[in-house]
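Visitor: I should like to learn how to read a structural model. May we work through the features in turn?

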Amino acid sequence: MTAPRVSVVICAYAAERWDALEAAVAATREQRGRAAEVVVVVDHNRDLYERARRRWPDLAVVENAEAPGLSGARNSGVAAARGDILAFLDDDAVPAPDWLDRLLAGYREPAVVGVGGAIEPAWACRRPRWFPSEFDWVVGCTYRGLPEHATPVRNLIGANMSYRREAFAVLGGFRLGYGCDETEFCIRLAQRLPGRVLLYQPAALIRHQVPAARATWRYFCRRCYFEGGSKAVVARLVGAQDGLASERRYTARTLPRGVARGLADAARGDPAGLARAGAIAAGLALTAAGYLRARLGVAAAARARGWAGQLPARGARPRQEGAP
């Protein structure tokens, strides 16, 4: 069989992250499994776009042709890419040398339509001792509770994910612009293509930079609250049964174990264990508050963002469909 052509799409938006972008591009070009092309998408920053074009004249450097934001940038990357497999990487993430090889191995199974990998935080400062690993999703990384071996999952994580091109032929692209865009995309994909698999492969590793500003209690609280609001929108768009299935398991299993672990650490003489247990309780409460608040206003938010017509009737479960 002919090996699939792979396009790596790297989305960038801020000039102050230039050094990180250079590191991401360099690590992508040095992969053991070479990408057919690297597409750098610049999100409505003309100066950064011109600088990237000068720096990498041999790469596909394009501007986001859609509304500002990560979803529009990713969609613009899909439109510019020519590969059979499209892999997405944040501009502040550096993949391990075998990252692409690990992702591509998952596509040996025809049923697999997407493969994602693990995201390890690279803290700019020392990791706060109060920060529970169960909440590493707050800084865009994989978290305690995810599988430790290759496993089918409901959704992939945006900083380290890939899909067959057919996924975009079926769905058209990412939508929302409200957070959790890749979660909504994956659930919608499973609803449209039942029987296809999204595979989480933790061996496909990247390291994601975490700036000092995101290692604060204030950021933790704000991000948890925002995540709850995003989940409310996703649940309304794709149905609560699918939209909250993983979250229910996470809340019922992972978080109680995390609290117990923190308390046990405190009992063994680690006072930060008590802080971690408290952070888990606070994070859950804030996320729930964000969810409940957004649930009340999700219809108004949908109208404001122009996708009110996509909302199913309250309580309805989306119809399962095959490929068109």
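Guide: Let us begin with overall dimensions. The radius of gyration is taken over C-alpha atoms, and the globule rule is 2.2 Å times the number of residues to the power 0.38. With 324 residues, a compact globule would have a radius of gyration near 20 Å, and the protein agrees because its own value is 20 Å. Its C-alpha atoms fill a box of roughly 55 × 45 × 40 Å, taken along the principal axes.

Visitor: On what conventions do such statements rest?

Guide: This is a predicted model, in which local features need pLDDT of at least 70, side-chain atom pairs count only at pLDDT 80 or more, and totals for chains, interfaces and linings use all residues. Residues are numbered from 1 along each chain as its sequence is written, and side-chain values use heavy atoms, with hydrogens and water left out.

Visitor: How many helices and strands does the protein have?

Guide: Helices (H or I, at least four residues) and strands (E, at least two) are DSSP runs, numbered from the N terminus. The protein has 10 helices and nine strands.

Visitor: What percentage of the residues is buried?

Guide: Buried means under 20% relative accessible area, exposed means over 50%, and partly exposed lies in between, with a 1.4 Å probe and protein chains only. Buried residues make up 52% of the 324 residues. As for the surface, accessible areas come from the Shrake-Rupley method with a 1.4 Å probe, and for residues only the protein chains shown count as cover. The protein exposes about 15100 Å², of which carbon and sulfur atoms supply 53%.

Visitor: Why is strand β4 described as largely enclosed?

Guide: Strand β4 spans residues 85-90, and six of its six residues are buried, so the rest of the structure largely encloses it. In a regular strand the side chains alternate between the two faces of the sheet. Both faces of β4 are covered: Ile85, Ala87 and Leu89 are buried on one side, as are Leu86, Phe88 and Asp90 on the other.

Visitor: Which strand runs parallel to β4, and which runs antiparallel?

Guide: Two strands pair if DSSP finds at least two bridges between them. Strand β1 (residues 6-12) runs parallel to β4 and is joined to it by six bridges; within this pairing, cysteine 11 stands opposite aspartate 90. Strand β8 runs antiparallel to β4, with five bridges between the two. Phenylalanine 88 stands opposite methionine 161 in β8, and leucine 86 has tyrosine 163 as its bridge partner there.

Visitor: How is β8 itself placed?

Guide: Five of the five residues of β8 are buried. Asn160, Ser162 and Arg164 cover one side, with Met161 and Tyr163 on the other. Strand β6 (residues 112-123) also pairs with β8, in the antiparallel sense over three bridges, and glycine 116 has methionine 161 as its bridge partner. Tyrosine 163, in β8 (residues 160-164), has a relative accessible area of 0% and therefore counts as buried.

Visitor: Which residues of helix α3 are buried?

Guide: Helix α3 covers residues 70-80, and eight of its 11 residues are buried, so it is largely enclosed by the rest of the structure. The buried residues are Ser71, Gly72, Ala73, Arg74, Asn75, Ser76, Gly77 and Val78. Serine 76 has a relative accessible area of 8%. Contact means heavy atoms within 4.5 Å. Leaving aside neighbours within four places in sequence, serine 76 is in contact with Val41, Glu63, Asn64, Ala65 and Glu66.

Visitor: How should contacts be read across the protein?

Guide: One considers the separation in sequence. Among contacts between residues at least 6 apart in sequence, 75% join residues at least 24 apart. Glycine 179 gives a local case: it lies in the loop between α5 (165-171) and α6 (181-192) and is buried, at 19% relative accessible area. Not counting residues up to four places away in sequence, glycine 179 touches Phe226 and Ser230. Glycine 179 and glycine 228 are 49 residues apart in sequence and 9.9 Å apart in space, C-alpha to C-alpha.

Visitor: What is the sign of phi at histidine 44?

Guide: Most residues other than glycine have a negative phi, and most peptide bonds are trans. Histidine 44 has a positive phi of about 55° although it is not a glycine. Histidine 44 is found in the loop between β2 (37-42) and α2 (46-55), and its 46% relative accessibility makes it partly exposed.
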